[in-house]
Amino acid sequence: MSLIAGTIVELEVTREVSPYGYFLNGGDRDVLLHYSELTGKVEPGDTVEVFIFFDTEDRLAATMKKPYLTLGETAKLMVADVHPRLGCFLEMGLGRQLLLPIRELPEMRELHPQVGDYVFAMMEHDKQGRLRAKLAGEQELAPLAFHAPDAWLNQWFTALVYKPLQMGTFVIVDGGVLGFGAIGMIHSSERTRLMRLGEEVRVRVSHIREDGRVNLSMVPRKEIGMTDDADRLLAFLKERPGGAMPYSDATPPDIIKQRFGISKSAFKRALGKLMKDGLVTQKENWTYLAKENEENSEPSVEGNK
């Protein structure tokens, strides 16, 4: 018998050696089942089911405790610790952690997971045969995910980031009792900010694809968002001197995003609603409360920026 770290096997208890524990018959070697790794009563001659791992001295050892995953399996694991050079240590259910090497993490350090986050990871061997974690990607997650039901459209859910990219953020949308969840993507145009690996976010299902995956957004539907944005712009104008602001349809998108935290298109929709309702007017790249504009009380540019 050749024992492989990361697997669960049944072995015979051959003898007890105090103060260490019990030795198990591993075929070409004996394996220690330390007293601290017991979950029940054991006697020589018994056959026990154990998980094989490497101890702190890189020797094969056994435990009766059950890990959250075994070699080749994928699971959602909590980040127990973060090391700036090594990577993240993931809780695996044995009172010891599984290393997720730093090369598995995003290049941008601000996108690295934090303690308490959860990541989807699989267990594998390094070149020396020791156990480590690898981030689960689409290939590993697709067989575990389910097709999103049509009833999800325009509903809000919790999702977990498994791949943060500049062009979009890939997540698993929580499916509750349905298991891992559904695979989804938040396009960069539908994000309000960058999100780190392992971060939990609130998302709205904007489209359900034929393959059961979902397109997501972090903002409300346009008609709802338009009303909210319009209310915020109106409140902003009411607090401005003269009821005016140096922002209009002609204002560059980056300035709109920086000042109001919304896209240029959302800004234009909100302004359009306010103008349609007769609440604001525009003149020479300025926007005015309607009543202020009627009084021709245009403020100076220097005094209202």
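## Exercises around strands 6, 7 and 8

Thr-74 counts as buried because its relative accessibility is 17%. Keep in mind that you're working with a predicted model.

**Exercise 1.** Work out whether Thr-74 is buried or exposed, and find what it touches.

*Solution.* Start with the cut-off: a residue is buried when its relative accessible area is under 20%. Thr-74 comes in at 17%, so it counts as buried. Next, place it: Thr-74 belongs to strand 6, which covers residues 74–83. Now look for its contacts, leaving out residues up to four places away in sequence: you'll find Ala-121, Met-122, Ala-136, Glu-140, Leu-141, Leu-144 and Phe-180.

**Exercise 2.** Find out how strand 6 and strand 7 are connected.

*Solution.* First, check the pairing: the two strands are antiparallel, with four bridges. One pair to look up is His-83, whose bridge partner in strand 7 is Gly-87. Then check the link: three residues sit between strand 6 and strand 7, and the two strands make a hairpin.

**Exercise 3.** Follow the chain from strand 7 into strand 8: how many bridges join them?

*Solution.* Strand 7 spans residues 87–91, and four of its five residues are buried. Strand 8 takes up residues 97–101 and is joined to strand 7 by five bridges, again in an antiparallel arrangement. Gly-87 turns up here too: its bridge partner in strand 8 is Pro-101. Finally, step into the hairpin between these strands, which has five residues between them; there, Gly-93 has a positive phi near 90°.

Conventions: Residues numbered from 1 in each chain as written. Predicted model: local features only at pLDDT ≥ 70, side-chain atom pairs only at ≥ 80, totals over all residues. Heavy atoms only, no water. Buried < 20%, exposed > 50% of the residue type's maximum accessible area, 1.4 Å probe, protein only. Pairing = 2+ DSSP bridges. Contact = heavy atoms within 4.5 Å.
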